[in-house]
Amino acid sequence: MAEVVKIIGVAFLTAITGILLKATKPELAFAVTETGTIVCLLFLLDLLQNSFGVLSAIVSMTGIENGLVRILLKIVGVGYLTEFSAGILNDFGSAAIADKVTLGGKLAIVVLSLPILESLLTIMKGFLALV
């Protein structure tokens, strides 16, 4: 909870500072905004480290293959990085490029999810063989 409060505080401070600087020094406003974003991401790293420990415990209890979990983490990572990059590009005024980055991220997610789909179909085929 404390990490979330820190992130919200940095985000509001960054947004207010960016708005105030935009009128006088727009180049500084962009730098302040991106620096605030990076600080927020650094706070999120602490939360993610705790999540990985819980995720490994769940994997060991359920017996899910490590490869599938890695693929899921890659998919989540691609989604977050794509959204983050597209947001920066939108802030920079390049909405057309941001849309292409989003499309590329979606295609990467589809390609990454194919082994999971294959595994799911194999499981379904096994269940249908029992019937």
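This report describes the helices, pockets and some single residues of a predicted model.

**Helices α2 and α3**

Helix α2 covers residues 26-62. Its 37 residues should span 54 Å at 1.5 Å a residue, and the end C-alpha atoms lie 52 Å apart, so the length of α2 agrees with the expected value. The buried residues in α2 are A29, E34, G36, C40 and V59. The cover over the buried residues of α2 includes α1 and α3. After α2 comes G63, with a positive phi near 80°.

Helix α3 takes in residues 66-91. For its 26 residues, a rise of 1.5 Å a residue gives 38 Å; the end C-alpha atoms of α3 are 37 Å apart, so here too the span agrees. Buried positions in α3 are L68, V69, I71, I75, T82 and A86. Both α2 and α4 are among what covers the buried residues of α3. G93 follows α3 and has a positive phi, near 90°.

**Helix α4**

Helix α4 runs over residues 95-130 and has 36 residues. From first C-alpha to last, α4 reaches 52 Å, close to the 52 Å expected at 1.5 Å a residue. Where does the kink in α4 lie? It lies at L114, shortly before the proline P115, and amounts to about 35°. The buried residues of α4 are A98, G105 and S119, and what covers them includes α3.

The table sets out the three helices described above.

| Helix | Residues in helix | End-to-end C-alpha distance | Expected span | Buried residues |
|---|---|---|---|---|
| α2 | 37 residues | 52 Å | 54 Å | A29, E34, G36, C40, V59 |
| α3 | 26 residues | 37 Å | 38 Å | L68, V69, I71, I75, T82, A86 |
| α4 | 36 residues | 52 Å | 52 Å | A98, G105, S119 |

**Pockets**

The largest pocket holds about 510 Å³ of space. Its lining consists of 14 residues, and those nearest its centre are L41, L48, V76, G77 and Y80. Two elements, α2 and α3, give two or more residues each to this lining. By class, the lining of the largest pocket is made up of eleven nonpolar, two polar and one charged residues.

The second largest pocket has a volume of about 230 Å³. Its lining residues are T14, A15, G18, I19, K22, P26, A29, F30, T33 and D91. Which element gives the most to the lining of the second largest pocket? That is α1, with five residues. Helix α1 covers residues 2-24, and both α1 and α2 supply at least two residues of the lining. The classes here are five nonpolar, three polar and two charged residues. One of the lining residues, A29, is also a buried residue of α2.

**Single residues**

T14 sits in helix α1 and is one of the residues that line the second largest pocket. Is T14 buried or exposed? The relative accessibility of T14 is 13%, and a residue is called buried under 20%, so T14 counts as buried. Apart from neighbours within four places in sequence, T14 is in contact with V32, T33 and G36. Of these contacts, T33 also lines the second largest pocket, and G36 is a buried residue of α2.

L47 belongs to helix α2. Its relative accessibility is 31%, so L47 counts as partly exposed. Not counting residues up to four places away in sequence, L47 touches E3 and I7. The C-alpha atoms of L47 and V4 are separated by 9.1 Å, with the two residues 43 residues apart along the chain.

L55 is likewise placed in helix α2. At 28% relative accessibility, L55 counts as partly exposed, because that value falls between the limits of 20% for buried and 50% for exposed. Outside the residues up to four places away in sequence, L55 touches V69 and L73. The C-alpha atoms of L55 and V69 are 8.8 Å from each other, and 14 residues separate the pair along the chain. V69 itself is one of the buried residues of α3.

Key. Residues numbered from 1 in each chain as written. Predicted model: local features only at pLDDT ≥ 70, side-chain atom pairs only at ≥ 80, totals over all residues. Heavy atoms only, no water. Helix = DSSP H or I, 4+ residues; strand = E, 2+ residues; numbered from the N terminus. Expected span 1.5 Å × (residues − 1). Bend = angle between axes of the 7 residues up to and from the residue. Buried < 20%, exposed > 50% of the residue type's maximum accessible area, 1.4 Å probe, protein only. Contact = heavy atoms within 4.5 Å. 1 Å grid on protein atoms, 1.4 Å probe; cavity = no way out; pocket = protein on both sides within 12 Å on 5 of 7 lines; lining within 4 Å. Points joined across faces, edges and corners; volume = space filled by probe spheres on them. Nonpolar A, V, L, I, M, F, W, Y, C, P; charged D, E, K, R; others polar.
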